[in-house]
Amino acid sequence: IMLAGAIAAFTLPVAQYPEITPPTVQVACQYPGANAEVIADTVAAPIEQQVNGVQDMLYMQSNSANDGTYMLTVTFALGTDLDEAMVAVQNRVALAMPQLPNVVQALGVDVKKKSTNMLLAINLISPDGRYDDLYMSNYATINIQDELLRLPGVGDIAFLGERDYSMRVWLDPDRLAARGITSGEVITAIEQQNLQVTAGQIGQPPDAAGPQLQLTTSAVGRLNDPDQFGEIIVRAVNGGAASTASKIVRLRDVARVELGAQSYSQSCTLDQRPSVGMGVYQRPGANAIAAGEAIRAKMKELQERFPDGLEYRIVFDTTPFISESIRQVFGGLRDAVILVSLVVLLFLQNWRAALIPLIAVPVAIVGPFAFMSVIGFSINTLSMFGLVLAIGIVVDDAIVVVENVQRLLDGGLSPKEAARRAMDEVTGPIVAVALVLASVFIPCAFITGITGEFFRQFAVTISVSMAISAVNSLTLSPAMAALLL
């Protein structure tokens with residue numbers, strides 16, 4: 001029992017509290033240029049009509065914003081497998097895709113698991129102001145995000161103040177009106193002239209001349225410079241012949257083109273300085289402390305490759321609270337063992353007799369870790385609290401056995417006979433006490449909802465500890481009493 005519990009203790013996830021929040025799946029997409037009402041009618045309605053009623057769903061909440069973003073959060077019942085829930089939502093969203101606007105289909109709809117527990121937040125800053133938030137955001141996306149997502153225990157990363165590079169075209173309404181050009185024409189021109197195309201090959205068979213060399217040609221495809229976008233032809237008279245070159249309208253004639261950010265709807269600062277934050281979310285069931293240590297170690301490694309003038313800060317971190325909480329619980333566990341030891345030694349007045357219950361206590365305290373590993377519990381404040389309370393209970397059975405054996409030894413019986421007769425007398429009471437205590441705690445494990453999640457780990461942990469204590473009292477304690485007393 002000790003060996004199984006000790007091995008399991010090093011593999012169990014560590015958290016401040018058990019998983020009490022219902023699992024959620026998030027659906028997100030963008031409809032550039034659309035307002036909240038248009039998004040609600042053209043995007044939200046088809047998606048929510050299909051997603052509504054997915055298996056084990058409790059409720060869903062959506063948000064359509066004037067910046068063109070749509071977000072749907074689907075909340076599932078406690079205990080639902082998050083991977084299966086995500087697949088189910090993904091299938092429902094796929095049914096709604098043909099009904100969505102073409103722009104939304106082209107940009108795609110993201111469906112991902114969403115944890116509500118932010119483990120820590122990493123902020124990139126430039127103390128000397130050398131880099132702006134646009135540079136820092138894209139540096140984090142390219143060089144940091146993927147590195148952190150590969151770490152064990154990291155479930156997701158959410159950017160705060162994200163600034164993805166984007167070519168922004170600011171249309172001048174007066175210039176458009178003067179030339180009789182609509183914004184739709186500009187969009188069509190950009191879409192048609194900003195494509196990745198193949199230019200073909202030179203000398204490709206069949207060729208009558210029979211060339212000795214075959215060459216693959218390349219052509220400018222997607223544009224990547226504001227000047228290149230400015231050269232896009234929006235309208236040309238007579239097909240843009242040389243004689244009418246003066247009538248060609250280019251994008252730079254009706255708009256200002258610049259390389260900026262895709263969205264300015266959210267900003268992030270740290271100590272009044274521009275910053276980009278990365279909220280790191282814990283994977284469900286992962287070890288929060290181990291994940292936090294891995295993230296900090298990886299950031300120290302990545303910092304060596306940072307350009308001069310770029311630094312990072314971790315100012316929001318939940319792992320110290322978890323570590324301190326668990327340390328306080330283990331401190332209480334230690335103090336309880338010491339107090340029990342002193343009380344047993346004081347009243348039994350025999351260090352050999354006191355040694356027997358003290359050996360039985362670790363078995364009943366370490367053993368439950370194996371059961372916790374099997375049923376998916378974590379080492380948290382509530383499960384450890386159950387073990388702290390169990391210390392004072394589990395030592396009672398061993399003391400009853402030791403005292404009864406000692407009484408019979410004083411009556412002149414041999415150690416073996418005294419142990420056998422003592423167990424004949426106290427086996428019934430020990431089993432009865434274990435059943436009575438179990439009848440108090442086990443019903444708490446069947447409480448439903450979020451309250452039940454709190455009570456369940458405490459009740460099951462202390463019940464398993466008492467069951468192991470009863471087994472100890474019927475086996476280990478009398479055997480040791482026969483050997484030591």
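Helices (H or I, at least four residues) and strands (E, at least two) are taken here as DSSP runs, numbered from the N terminus. The model is predicted, and for that reason local features need pLDDT of at least 70 and side-chain atom pairs count only at pLDDT 80 or more, while totals for chains, interfaces and linings use all residues. Residues are numbered from 1 along each chain as its sequence is written, and side-chain values use heavy atoms, with hydrogens and water left out.

**The second largest pocket**

Begin by selecting Pro18, Glu19, Ile20, Asn117 and Gly285. The second largest pocket has a volume of about 950 Å³, and those five are the closest to its centre among the 35 residues that line it. A pocket, on a 1 Å grid over the protein atoms alone, is an open set of points with protein on both sides within 12 Å along at least five of seven lines, and its lining residues have an atom within 4 Å of a point; the volume is the space filled by probe spheres set on the points, which are joined across faces, edges and corners. Now colour β5 (118-125) and α17 (449-474), the elements that give two or more residues to this lining; the largest share, three residues, comes from α17. The lining divides into 16 nonpolar, 14 polar and five charged residues, where Ala, Val, Leu, Ile, Met, Phe, Trp, Tyr, Cys and Pro count as nonpolar, Asp, Glu, Lys and Arg as charged, and the others, Gly among them, as polar.

**The cavity**

Stay with α17 and add α15 (381-410) and α16 (415-441), since each of these helices supplies at least two residues to the lining of the largest cavity. A cavity is a set of grid points where a 1.4 Å probe fits but cannot get out, and the structure holds one of 30 Å³ or more. To display the lining, select Ile393, Val394, Asp397, Val433, Ala434, Leu437, Met466 and Ser469, which enclose about 40 Å³ of space.

**A nonpolar patch**

Next, select Tyr17, Leu78, Ile450, Phe454 and Phe455, which make a nonpolar surface patch of about 430 Å². Patches are made of residues with over 30% relative accessible area and no salt bridge, with like charges joined within 9 Å and nonpolar side chains (Val, Leu, Ile, Met, Phe, Trp, Tyr) within 5 Å; the areas come from the Shrake-Rupley method with a 1.4 Å probe, and for residues only the protein chains shown count as cover. Leu78 sits in the loop between β3 (69-76) and α3 (82-96).

**Salt bridges**

A salt bridge is a side-chain nitrogen of Lys or Arg within 4 Å of a carboxyl oxygen of Asp or Glu, and by this rule there are 17. Select Lys113 and Asp83, whose closest N and O atoms are 2.7 Å apart; Lys113 in strand β4 (residues 110-114) and Asp83 in helix α3 are 30 residues apart. Move on to Arg235 and Glu185, whose side chains meet in a salt bridge (3.0 Å, N to O). Because Arg235 lies in strand β10 (residues 233-235) and Glu185 in helix α8 (residues 183-193), this pair ties together parts that are 50 residues apart in sequence. Arg235 is partly exposed at 29% relative accessible area, a class that falls between buried (under 20%) and exposed (over 50%), with a 1.4 Å probe and protein chains only. Finish with Glu147, Arg150, Lys298 and Glu301, which are linked in a network of salt bridges.
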